[in-house]
Amino acid sequence: RWGVRAVMLLGAGLMAASAGVGLAGVAVANFAGALVLLWVGWNLLFVGATALLVRSYDAADTAEAQGLHDTVLFATIALSSLGAGWLYAAIGWTAMNALTLGPLGAVALWGLLAGRAPEPAPGRPDEVGYSRMHG
């Protein structure tokens, strides 16, 4: 309804706000607020990225593309989870929050400068999360 870029920009903005709340202090309210903003922002970015993925491959490559995507995504999440404690111990809370702003800035820059996303190929649904196997 809003378009991939708008959803991803909103997600990046919410995640940047999460970093800002984290940078503002270490009280329980800061942690809780940052986690809620992170949760919603991450989900919006995930939905937008999935919508872009669906538009980037041919129907014949559906299984391979989705399988590779899921493998890379969840391996990255696992490595990030395992490394979070080490990174916190190495650089601290403030630096961890500040480091998120670079990648989020790159996403925001892409969202602002990228051209309009191409329309789905003929016969492809444009709803995010719709499976072609069911239609």
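What is the volume of the largest pocket? In this predicted model, the largest pocket has a volume of about 1,100 Å³. Before turning to the residues around that pocket, it is useful to set out the fold in which it lies.

The protein chain contains 5 helices and 0 strands, so that its elements, read from the N terminus, follow the order α-α-α-α-α. Of the contacts in the chain with a separation of 6 or more, 73% link residues 24 or more positions apart. Buried residues account for 21% of the 135 residues.

Confidence should be considered alongside this description. The average pLDDT of the protein chain is 83, and 84% of the residues score at least 70. Among the elements, helix 1 has the highest mean, at 93, and helix 5 the lowest, at 88. Over residues 127-135, by contrast, the pLDDT falls below 50, and this stretch makes 10 contacts in the model beyond near neighbours in sequence.

The interior may be approached through the largest nonpolar core, which comprises 7 residues: Val4, Met8, Ala12, Met15, Leu45, Ala51 and Leu104. Two elements, helix 1 (4-23) and helix 2 (28-54), each give two or more residues to this core. Helix 1 contributes the most, with 4 residues. As a general matter, nonpolar side chains in soluble globular proteins tend to be buried together.

Leu104, a member of this core, merits separate attention. When neighbours within four places in sequence are set aside, Leu104 is in contact with Ala12, Met15, Ala16 and Leu45. Of these partners, Ala12, Met15 and Leu45 also belong to the largest nonpolar core.

The pocket can now be examined in terms of its lining, which consists of 27 residues. Nearest its centre lie Met15, Leu38, Trp42, Ser80 and Thr100. Met15 thus appears in the lining of the pocket and also in the largest nonpolar core.

Which elements each supply at least two residues of the lining? They are helix 1, helix 2, helix 3 (62-91), helix 4 (93-99) and helix 5 (101-113). The largest share, 8 residues, comes from helix 3, whereas the largest contribution to the nonpolar core comes from helix 1.

In chemical character, the lining of the largest pocket divides into 21 nonpolar and 6 polar residues, with no charged residues.

Definitions and conventions: Residues are numbered from 1 along each chain as its sequence is written. This is a predicted model: local features need pLDDT of at least 70, side-chain atom pairs count only at pLDDT 80 or more; totals for chains, interfaces and linings use all residues. Side-chain values use heavy atoms; hydrogens and water are left out. A nonpolar core is a set of buried Ala, Val, Leu, Ile, Met, Phe, Trp, Tyr and Cys residues joined through side-chain atoms within 4.5 Å. Buried means under 20% relative accessible area, exposed over 50%, partly exposed in between (1.4 Å probe, protein chains only). Contact means heavy atoms within 4.5 Å. On a 1 Å grid over the protein atoms alone, a cavity is a set of points where a 1.4 Å probe fits but cannot get out, and a pocket is an open set with protein on both sides within 12 Å along at least five of seven lines; lining residues have an atom within 4 Å of a point. Grid points are joined across faces, edges and corners, and a volume is the space filled by probe spheres set on the points. Ala, Val, Leu, Ile, Met, Phe, Trp, Tyr, Cys and Pro count as nonpolar, Asp, Glu, Lys and Arg as charged, and the others, Gly among them, as polar. pLDDT is the predictor's confidence in each residue, from 0 to 100.
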